[in-house]
Amino acid sequence: MGAGSVDARGAAITSSPPVVDRAREIELLEAALSCGAHVLLEGPPGTGKSTLLRSVAADVDVPYVLVEGNAELTPARLLGQFDPALVLSRGYSPEIFADGPLLEAMRSGALLYVEELNRVPEETLNVLLSAMSEGQVAVPRLGRVTAAPGFAFIAAMNPFDAVGTARVSSALYDRTCRIVMGYQSAEAETDIVALREPDVDAGWRERVVEVVRSTRTHPDIEVGSSVRGAIDLTRLAVALSRRRGVPLTDDEVGVAAATTALSGRIRLHDGCGRSAEDIIVELYRRVFAVPEESRDDERTRGGESPGER
């Protein structure tokens with residue numbers, strides 16, 4: 001399997017949307033790759049870590065191999081294995097060894113991109129440490145594989161996710177350059193939503209982003225939503241308004257879209273005593289400030305849907 005825009009299972013990866021407001025991070029990542037450094041991209045979900053990597057790889061014309069980090073990523077899956085059916089007849093011959101994503105990237109001088117690094121088992125991380133520090137790995141019955149020029153390891157992780165994750169060792173931090181990616185500005189997040197749903201009113205879209213950003217500062221919310229929540233809220237509201245034949249600004253449409261898109265994306269503080277849906281409704285109506293009488297008038301008045309503009 002040749003390196004390029006494919007994941008570790010050989011499936012083609014679709015092109016990424018444009019990178020918005022990440023000039024500093026692009027410069028740092030390109031500089032790190034140019035000097036042969038390994039990189040850790042660290043930040044909460046939805047901050048564009050994968051989008052950044054794909055954009056930079058395309059800009060500098062470097063192939064990459066994508067690996068989804070999880071507890072099932074064993075050393076054997078990362079390195080590869082001999083074909084069991086052929087071992088019986090041909091023995092442990094190099095010709096019947098199927099490279100895993102690490103060996104594929106090393107042999108072709110590609111980038112190995114591991115998502116959700118802190119979900120990867122420690123024994124698998126130890127294999128990566130050898131590849132990073134020595135530029136080679138030892139594979140039982142196959143021998144040593146040396147990385148071709150251009151090989152680099154890039155990983156992404158959410159340091160705030162404590163479910164199903166483990167602490168990344170200091171040994172790995174010692175072998176990587178760390179680029180921290182926080183949430184972008186309100187203007188940048190509004191532009192990101194506009195790229196996905198350009199045909200909605202700009203003012204309404206700005207308020208949707210404000211609702212999502214307010215989930216990150218609410219006292220009852222431990223972890224707020226990323227800009228992905230704003231994208232889905234917008235898409236759901238557009239679809240619901242069309243189905244119901246009401247304006248996009250309809251309060252019931254907005255509340256339904258907001259609770260559906262955001263309630264699963266936030267994590268509440270233990271013991272806050274409220275539901276996620278209740279808090280989302282509070283935030284939505286605080287931002288859109290729709291009084292009760294206006295909601296009743298809007299439902300009886302109807303109006304054009306966004307698909308009719």
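Which residues touch the most other members of the largest nonpolar core? In this predicted model, that core holds 35 residues, and the ones with the most contacts to fellow members are Trp204, Ala230, Leu233, Leu262 and Phe288. Five helices each give two or more residues to it: H8 (186-196), H9 (202-214), H10 (227-244), H11 (251-262) and H12 (276-288). Take Phe288 as an example: leaving aside residues up to four places away in sequence, Phe288 touches Trp204, Arg207, Val208 and Val211. A second core, of 34 residues, lies apart from the largest one, and its members include Val67, Phe82, Leu128 and Leu129. As a rule, nonpolar side chains in soluble globular proteins tend to be buried together.

Back to H8, one of the helices that feed the 35-residue core. Its buried residues are Ala188, Glu189, Thr190, Ile192, Val193 and Ala194. H9 and H10 are among the elements that cover these buried positions.

Turning to the start of the numbering, there is a helix pair to look at. Helix H1 (residues 23-34) and helix H2 (residues 49-59) have axes that come within 10 Å of each other and cross at roughly 55 degrees. With that angle, H1 counts as oblique to H2, and the crossing is right-handed. On the H1 side, the contact is made by Glu25, Ile26, Leu29, Glu30 and Leu33, which meet Leu52, Leu53, Val56 and Asp59 of H2. Sorted by class, this contact has six nonpolar and three charged residues, with no polar ones. The spacing along H1 fits a simple picture: an α-helix has 3.6 residues a turn, so residues three or four places apart point the same way.

Notes
Residues numbered from 1 in each chain as written. Predicted model: local features only at pLDDT ≥ 70, side-chain atom pairs only at ≥ 80, totals over all residues. Heavy atoms only, no water. Axes fitted to C-alpha atoms, helices over the stretch in contact; angles between N-to-C directions. Helix = DSSP H or I, 4+ residues; strand = E, 2+ residues; numbered from the N terminus. Parallel < 35°, antiparallel > 145°, perpendicular 65-115°, else oblique. Left-handed = near helix turned anticlockwise from the far one by under 90°. Contact = heavy atoms within 4.5 Å. Nonpolar A, V, L, I, M, F, W, Y, C, P; charged D, E, K, R; others polar. Core = buried A, V, L, I, M, F, W, Y, C linked by side-chain atoms within 4.5 Å. Buried < 20%, exposed > 50% of the residue type's maximum accessible area, 1.4 Å probe, protein only.
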